Amino acid sequence: MKRIGVTGHRSIPDEALGHVEEGLRAVLAGHEGPLEALSSLADGADQLFAAIALEYGADLTVVIPSGDYEEGFEDAEALDRYLGLKDRAAQEVRMDFARSTDEAYYAAGTYIADTCDRLVAVWDGLPARGHGGTAEIVAYARALGKPVTVIWREGVTRD
């Protein structure tokens, strides 16, 4: 079974969203055989990737950074999407952190990078805004020698 993991921004500007969705579909459609998709289901890239992966028949593995992860969703719609996707997951992996901290996010991101065969990064190419951010997980995966596919619309900046 091939494993594709995701890391990415929580905020995807409208002018990049179609391009990102198209890129995710291309990556997920371009495989043969059984597929496992790994995601922490954060708002934005993680949830978009997971939803598309399920459309393509992938088994979803949810990597939950902490015991209080659900409390960190500020948007009720994002929380509803998270819960719906989590209910459809084939497997759930929980990091051993009680609270959502940068260390918990880093642990979840590195777990995904360690476990996947390919990492998809919905990333604007800029430095991480905190420990465990997209740029840091991309650098970690690349240091492991993992193939990384970066998806972003050139010229678009995020908030």
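**Helix crossings and pockets**

Guide: In this predicted model, α1 passes α2 in a right-handed crossing.

Visitor: What makes a crossing of α1 and α2 right-handed or left-handed?

Guide: The direction of turn decides: the near helix is turned clockwise from the far one, by less than a right angle, in a right-handed crossing, and anticlockwise in a left-handed one. The crossing of α1 and α2 is right-handed, so the near helix of this pair is turned clockwise from the far one.

Visitor: Why are α1 and α2 called oblique to each other?

Guide: Helix α1 (residues 14–29) and helix α2 (residues 45–55) pack at about 40°, and their axes are 10 Å apart. Angles under 35 degrees count as roughly parallel and 65 to 115 as roughly perpendicular. The angle of about 40° fits neither class, and the pair is therefore oblique.

Visitor: How do you know that α1 and α2 are in contact?

Guide: Contact means heavy atoms within 4.5 Å. On the α1 side it is made by Leu17, Val20, Glu21, Leu24, Arg25 and Leu28, and on the α2 side by Leu48, Phe49, Ile52, Ala53 and Glu55. These residues divide into 8 nonpolar, no polar and 3 charged. Glu and Arg count as charged, so Glu21, Arg25 and Glu55 make up the charged share.

Visitor: What describes the packing of α2 and α3?

Guide: Two packed helices are described by the angle between their axes and the distance between those axes. For α2 and helix α3 (residues 76–87) the angle is about 40° and the axes are 11 Å apart. Here the crossing is left-handed. Gln47, Ala50, Ala51 and Leu54 of α2 touch Ala78, Arg81, Tyr82 and Leu85 of α3. By class, that contact has 6 nonpolar, 1 polar and 1 charged residue.

Visitor: Which residues make the contact of α4 with α5?

Guide: Tyr106, Gly109, Thr110, Ala113 and Asp114 in α4 meet Glu136, Ile137, Tyr140 and Ala141 in α5. The contact divides into 5 nonpolar, 2 polar and 2 charged residues. Gly counts as polar, so Gly109 belongs to the polar group. The two axes come within 9 Å and cross at roughly 35°, in a right-handed crossing.

Visitor: What makes up the lining of the largest pocket?

Guide: The largest pocket has a volume of about 510 Å³. It is lined by 27 residues, and the closest to its centre are Gly8, Arg10, Gly132, Gly133 and Thr134. Two or more lining residues come from each of β1 (2–8), α4 (102–115) and α5 (134–143), and α4 gives the most, with 5. The lining has 10 nonpolar, 11 polar and 6 charged residues.

Visitor: How do you know how many charged residues line the second largest pocket?

Guide: That pocket holds about 200 Å³ of space. Its lining is Arg10, Ala42, Asp43, Tyr69, Gly72, Phe73, Glu74, Asp75, Ala78 and Tyr105. Asp, Glu and Arg count as charged, so Arg10, Asp43, Glu74 and Asp75 belong to that class. This gives 4 charged residues, beside 5 nonpolar and 1 polar.

Conventions. Residues numbered from 1 in each chain as written. Predicted model: local features only at pLDDT ≥ 70, side-chain atom pairs only at ≥ 80, totals over all residues. Heavy atoms only, no water. 1 Å grid on protein atoms, 1.4 Å probe; cavity = no way out; pocket = protein on both sides within 12 Å on 5 of 7 lines; lining within 4 Å. Points joined across faces, edges and corners; volume = space filled by probe spheres on them. Helix = DSSP H or I, 4+ residues; strand = E, 2+ residues; numbered from the N terminus. Axes fitted to C-alpha atoms, helices over the stretch in contact; angles between N-to-C directions. Parallel < 35°, antiparallel > 145°, perpendicular 65-115°, else oblique.
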